[in-house]
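Look at the model below. This report walks through its strands, its chain-to-chain contacts and its DNA surfaces.

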There are 2 protein chains.
Amino acid sequence: MNAVAVARPRAAPVPHPGCGVCVARGFTFCDMVAELNKTAPRGRPLAQEVRKVAARRTIFRAHDDLDYVPIICSGWAVTSVMLSDGSRQILHFLLPGDIVLSALLFEPKPTVSIEAITDVTYRVFNRVDLRERLFSKADLAEKLAVLWTESKRRADELIVDLGRRGAPERVARLLLTLVERLQSRDMTIGGPFEIDFPLRQHHIADAVGLTPVHVSKLLSEFRRTGIIRLSERTLAILDPDRLRALAKLR
Amino acid sequence: MNAVAVARPRAAPVPHPGCGVCVARGFTFCDMVAELNKTAPRGRPLAQEVRKVAARRTIFRAHDDLDYVPIICSGWAVTSVMLSDGSRQILHFLLPGDIVLSALLFEPKPTVSIEAITDVTYRVFNRVDLRERLFSKADLAEKLAVLWTESKRRADELIVDLGRRGAPERVARLLLTLVERLQSRDMTIGGPFEIDFPLRQHHIADAVGLTPVHVSKLLSEFRRTGIIRLSERTLAILDPDRLRALAKLR
DNA sequence: CGGTGTCTTGAATACCATCAAGTCTTGTGG
DNA sequence: CCACAAGACTTGATGGTATTCAAGACACCG
């Protein structure tokens, strides 16, 4: 019906020689680790290891026993909870630079599962090592606390969305916050409101508490009214003002 | 129709000579503060002040500027978010011993409002003072982090409830978790599944993302089938197994 | 080239919201 | 202490939003 198939340039896959060139430097957990290593108390650098996992693979499951703390280097991942009836709730989309779970600093058994959406590279740090270094420097511990506060605030927002907002509003908010997070990482392509968008509609549905069918109908409506363009795994917000109005933001 | 008016003994209002007799000693934030004072690095005790607020009064609003961190001593309170259309989402019920918002340790502007449900007494601590003492002792900072992890886990559970569970399930889970939290504080009355229950149905509705009307119908159903007794601000879970089944717990 | 995953669209249905009326309780000022 | 007002709860009728069910189009991959 619509979906004009125009080939546009795509962001090249980011090479990953190390955190030094991480897109997320400056405001994420990744950055804190870099600082830890620069000011290493002993000469020994923080123990770490780079891992890769293919799209759609599980990185770890709830109740696994982990002795490491992962941080996303490239790609998109997701933290989610599976219910006994097979349904799933997505708690958070993980972007490059994000710590996967701060809870893992203190507790080896996560209560949530992590899945790769795209191909993902991530680094793992020894839990005890990382934790002790973080807490040995008071300013780093407080920076960690700030990130933590941030993640709690995001969770609270999602609670409000799911408890008190209608479906179009929820979807609009999700799209906007994702674009904003990528903007702050300089990961837009083309214009400032255009991004690589690897999510399937079932990801959106599981994140905002709807069914894939209903998400499809809402996105079609957004497209039909010219608010967004979404095809070939690329999302462009054509009319940010109208989308923000739908989302009751700003 | 039901509501058999039997007068039963009520828990006496707890006197509050200080944290030394706090019902929440041993596992809450309140307890951490007590420990801070015991092992005070200098002779000077942590600056604090006791305050009281009447039922249904606002303790503070989102975006207020606070230079203190409050902890509940007695009574029930609630953290919530108001939306522009007048609807409200409750994020958490605060019970004695709970820190009101750990975020306040780092950020003077809360993003949520706090309201007293019953008459409430709470203590306030100077933010900078409390934070510095917590982070000067690594073991305390880590204890704080554990409490923090706990509060994030609770938020994630609520996200799952609101996103993926039906109305009866949500209400059942709320009742069960409240009773459990009071059990762990030895605040049950009569039997182990009977508590003082000051919540109005609109509190329940705002917490689980439903309307008061629908909550009323669900509670009536729970009563009709003999799962709970709820009258005169007292809740008794008569059939914990059936309620847990409804809640898909355990 | 069949299989699987993804998306779309329409029809029927379920769940919860909204509206409305009435009872009962709680609080307040005379 | 009573009268009255406001708040809290109940119940039934009606409506809207989102789900479920179903069928088909399309792309991608082995």
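Two strands count as paired if DSSP finds at least two bridges between them. The model itself is predicted.

**Strands in chain A**

Start with strand β3 of chain A, residues 68-74. Six bridges join β3(A) to β7(A), and the two run antiparallel. One pair to find is Ile72(A), whose bridge partner in β7(A) is Tyr122(A).

Now turn to strand β1 of chain A, residues 48-53. Six bridges join β1(A) to β7(A), which spans residues 120-126 of chain A. These strands also run antiparallel. Here Lys52(A) has Thr121(A) as its bridge partner in β7(A). So β7(A) is bridged to β1(A) and to β3(A), given that a pair needs at least two bridges.

In a regular strand the side chains alternate between the two faces of the sheet. Keep that in mind while tracing the strands.

**Where the chains meet**

How many residues of chain A are in contact with chain B? The count is 33 residues of chain A, in contact with 33 residues of chain B. On the chain A side, the elements that give two or more residues are β5 (88-94) and α3 (138-164). α3(A) gives the most, with 18 residues. By type, this side of chain A divides into 18 nonpolar, eight polar and seven charged residues.

**The DNA surfaces**

Next come the DNA strands. 16 residues surround DNA strand C. The closest are Arg200(A), Gln201(A), Ser216(A), Ala167(B) and His214(B). Elements giving two or more residues to this surface are α5 (201-208) and α6 (212-224) of chain A, together with α6 (212-224) of chain B.

DNA strand D has 16 residues around it. Ala167(A), His214(A), Arg200(B), Gln201(B) and Ser216(B) come nearest. For this surface, the elements that give two or more residues are α6 of chain A, together with α5 (201-208) and α6 of chain B.

Which element gives the most to each surface, and how do the residues divide by type? The table sets this out.

| Surface | Element giving the most | Residue types |
|---|---|---|
| Near DNA strand C | α6(A), six residues | seven nonpolar, seven polar, two charged residues |
| Near DNA strand D | α6(B), six residues | seven nonpolar, seven polar, two charged residues |

To finish, locate Ser216(A) beside DNA strand C. Then locate Ser216(B) beside DNA strand D.

Methods: Residues numbered from 1 in each chain as written. Chains lettered and ligands numbered in written order. Predicted model: local features only at pLDDT ≥ 70, side-chain atom pairs only at ≥ 80, totals over all residues. Contact = placed C-beta atoms within 7 Å. Helix = DSSP H or I, 4+ residues; strand = E, 2+ residues; numbered from the N terminus. Nonpolar A, V, L, I, M, F, W, Y, C, P; charged D, E, K, R; others polar. Near = placed C-beta within 6 Å.
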